[in-house]
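Welcome! Below are a few exercises to work through with the sequence and the 3D view side by side. Try each task yourself before you read its solution.

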Amino acid sequence: MRTAYSVETVRAAERELMDRLPDGVLMQRAAAGLAAACADLLRRRAPGRVYGARVVLLVGSGDNGGDALYAGARLARRGAGVAAVLLAPGRAHAPGLTALLAAGGRVADDPFDATAAADLVIDGITGIGGRGGLRPDAVPVARAARGSGAVVVAVDLPSGVEAGSGEVVGEALRADATVTFGTYKPAHLIDPAREYAGAVRLVDIGLGAVLPSVPELEALQHADVARLLPVPTGESDKYRRGVLGIVAGSARYPGAAVLAVAGALRGGAGAVRYVGPAGDAVIARFPETLVHTGPPAKAGRVQAWVVGPGLGDEPGVRDAVASDVPVLIDADGLRGLDAAAVRARTAPTLLTPHAGEAAALLGIPREEVESARLTSVRELAARYGATVLLKGSTTLVASPDTSEPVRANATGTPWLATAGSGDVLSGLMGSLLAAGLTALDAGSVGAYVHGLAGRLAARGAPTSAEGVAASVPAAWRDIASGP
Ligand SMILES: NC(=O)C1=CN([C@@H]2O[C@H](COP(=O)(O)OP(=O)(O)OC[C@H]3O[C@@H](n4cnc5c(N)ncnc54)[C@H](OP(=O)(O)O)[C@@H]3O)[C@@H](O)[C@H]2O)[C@@H](O)CC1
Ligand SMILES: [K+]
């Protein structure tokens, strides 16, 4: 599990730890880890060593620049040629600068000449103290660094991203790798910032001992998902594995029903009951489906419902919402959803909007959701008293219980942005709900498996929703077989 804490929590923990340690110890730990990571990266590039490599430090006015200066001093002591570009010359971290100069480093005469010749650039412009994207004076230098062909290593965070939300307002410096300290921050797990960070390495500075036990955000990894995937036992029959009811499809969109059923069957449901007007299309593709044409309430026993994919104006949402089993509501099911009725439910509810649907539910413009995804998913969960999965390049899943961390999933691929892929995801998560996973687990495990299936189906080329569904077993096997 990767866990992330808010900037406020990180700062409080750092204060507590600093009180127990001699001055400067934390920054030295950070700089040592940063220098070691940079040395690794230099060794992987021609000429394959630290000695003689050209390293440029981009140094802002805070401690993030201090980390860069001390790491630069360590690399200079190992024979690298280190030049510091001071973006706020009078305010650069003074002891760090002294250490760099004492180790044989220098201040760059011209930032553009220095970056053009660099093998490696260490971005120490801003870390958790940065606000509002790169400032205008930093932008040309950052662009020159990015365009230089040097490896760019971000200190703690790519400068210009919002540490606590993963937003990027204005310009940020895209890194090949990021070295962070003590704990991940939300920006390492949430797009678009996550994407700016490149490969993230976490350096232990002893913060774990003083961080609260519950993080703000977490991202499941293979081993976590493997533990949560339902596995049938000798005693399992179809009811124990979970019967999922699906209310989906319409005369106009029969395919959505077929794809939701495809996702559900690959998600391990013991049986799938389909309710709606697309029964013929469903049976033609999946003859094992139990088809029902009346209202959902009369369809027979299920352990969970999925309602909404391709539903158009077909009825059925109210029946599912009124049921006493877990319900997943997606797509057309979310239109005009009655918040009071959802809040009154006694069994778990999982809402799975994309940004546009989330915006409609919140009554705000889509761009506002896109730019504040963490806040939006939490707000929706609170308003509806439901678990909410907000789709996107990083999917976020929030429980209405605010003591639970929000889950972030980044296994997806842009190739998943294809018609019907969301219908497959609904069925898959519905199966997991029917198998007894909590809404938070069903949402985050479903998103993880679906994202991986998308990658396996695409392998760098376009794929279809059917292809994604067909790749779910391979993704499942990959996860279950361990790291
Ligand atoms: N605390 C610890 O124990 C440890 C902390 N560590 C390290 O400290 C970092 C946090 O340091 P920090 O708090 O000094 O803030 P930091 O990220 O350097 O930036 C703030 C400075 O930048 C400025 N500035 C703001 N926005 C800007 C912008 N858009 N563009 C340009 N400039 C901007 C702002 O100045 P001002 O607004 O006054 O002009 C302010 O001076 C953390 O990320 C980690 O790397 C590690 O050593 C481990 C131990
Ligand atoms: K940085």
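## Exercise 1: Records and domains

An unreviewed UniProt entry annotates residues 221-479 as "domain: YjeF C-terminal". UniProt positions follow the numbering used here, feature names are shortened, and annotations may be inferred rather than shown by experiment. Before you start, note that residues are numbered from 1 along each chain as its sequence is written, while chains are lettered from A and ligands numbered from 1 in the order in which they are written. The model is predicted: local features need pLDDT of at least 70, side-chain atom pairs count only at pLDDT 80 or more, and totals for chains, interfaces and linings use all residues.

**Task.** Find what the two annotated spans contain, and how the domains of the chain meet.

**Solution.**

1. Start with residues 221-479: their end C-alpha atoms are 9 Å apart, and the span is 45% helix and 14% strand. Helices (H or I, at least four residues) and strands (E, at least two) are DSSP runs, numbered from the N terminus.
2. The unreviewed UniProt entry also places "domain: YjeF N-terminal" at residues 10-213. Here the end C-alpha atoms lie 13 Å apart, with 38% helix and 17% strand in the span.
3. Now turn to the domain assignment, which gives domain 1 (2-218) and domain 2 (222-480). Such bounds come from an automatic or database domain assignment. Taken over C-alpha atoms, the centres of domain 1 and domain 2 are separated by 39 Å.
4. Domain 1 brings 13 residues to the contact and domain 2 brings 13 residues. Residues are in contact if their C-beta atoms, placed from the backbone, lie within 7 Å.
5. On the side of domain 1 that touches domain 2, α7 (186-189) and β9 (217-219) are the elements that give two or more residues.

## Exercise 2: Two sheets

**Task.** In what order do the strands of each open sheet lie, and which helix packs on each?

**Solution.**

1. One open sheet has 7 strands in the order β4-β3-β2-β5-β6-β7-β8, with parallel pairing. Two strands pair if DSSP finds at least two bridges between them.
2. Its edge strands, β4 (106-107) and β8 (199-203), each pair on one side only.
3. Look at one pair inside the sheet: β2 (residues 54-59) and β5 (residues 120-124) run parallel and are joined by 5 bridges. Leu 57 has Ile 122 in β5 as its bridge partner.
4. α2 packs on this sheet and touches β5, β6 (151-155), β7 (177-181) and β8; the directions of α2 and β7 make about 160°. Axes are lines fitted to C-alpha atoms, for helices over the stretch in contact, and angles run from 0 to 180 degrees between N-to-C directions.
5. The other open sheet has 11 strands in the order β1-β9-β18-β17-β16-β15-β14-β13-β10-β11-β12, and its pairing is mixed. Its edges are β1 (2-4) and β12 (290-292), each pairing on one side only. From one strand to the next, the twist averages 20°.
6. Helix α19 (residues 439-458) packs on the 11-strand sheet. It touches β15 (349-351), β16 (387-390), β17 (395-398) and β18 (406-409), and its direction makes about 10° with that of β18.

## Exercise 3: Around the ligand

**Task.** Which residues are closest to ligand 1, and which helix gives the most to its shell?

**Solution.**

1. Ligand 1 is surrounded by 28 residues, and the closest are Gly 62, Asp 63, Asn 64, Gly 127 and Gly 129. A residue counts as near a molecule if its C-beta atom, placed from the backbone, lies within 6 Å of it.
2. α1 (7-20), α2 (25-43) and α3 (63-77) are the elements that give two or more residues to the shell. With 4 residues, α3 gives the most.
3. By class, the shell holds 11 nonpolar, 11 polar and 6 charged residues. Ala, Val, Leu, Ile, Met, Phe, Trp, Tyr, Cys and Pro count as nonpolar, Asp, Glu, Lys and Arg as charged, and the others, Gly among them, as polar.
4. The unreviewed UniProt entry puts the feature "binding site" at Asn 64, Asp 123 and Ser 159. These residues span 96 residues in sequence, yet no two of their C-alpha atoms are more than 9.5 Å apart, so they gather at one spot. Asn 64 itself is in helix α3.

## Exercise 4: Unusual backbone

**Task.** Where are the cis peptide bonds, and which residue has a positive phi although it is not a glycine?

**Solution.**

1. Recall that most residues other than glycine have a negative phi, and most peptide bonds are trans.
2. Ala 46 and Pro 47 are joined by a cis peptide bond, with omega about 5°. Pro 47 is in the loop between α2 and β2.
3. Another cis peptide bond joins Asp 191 and Pro 192, with omega about 5°. Pro 192 is in the loop between α7 and α8 (193-197).
4. Asp 156 has the positive phi, about 70°. Asp 156 lies in the loop between β6 and β7.
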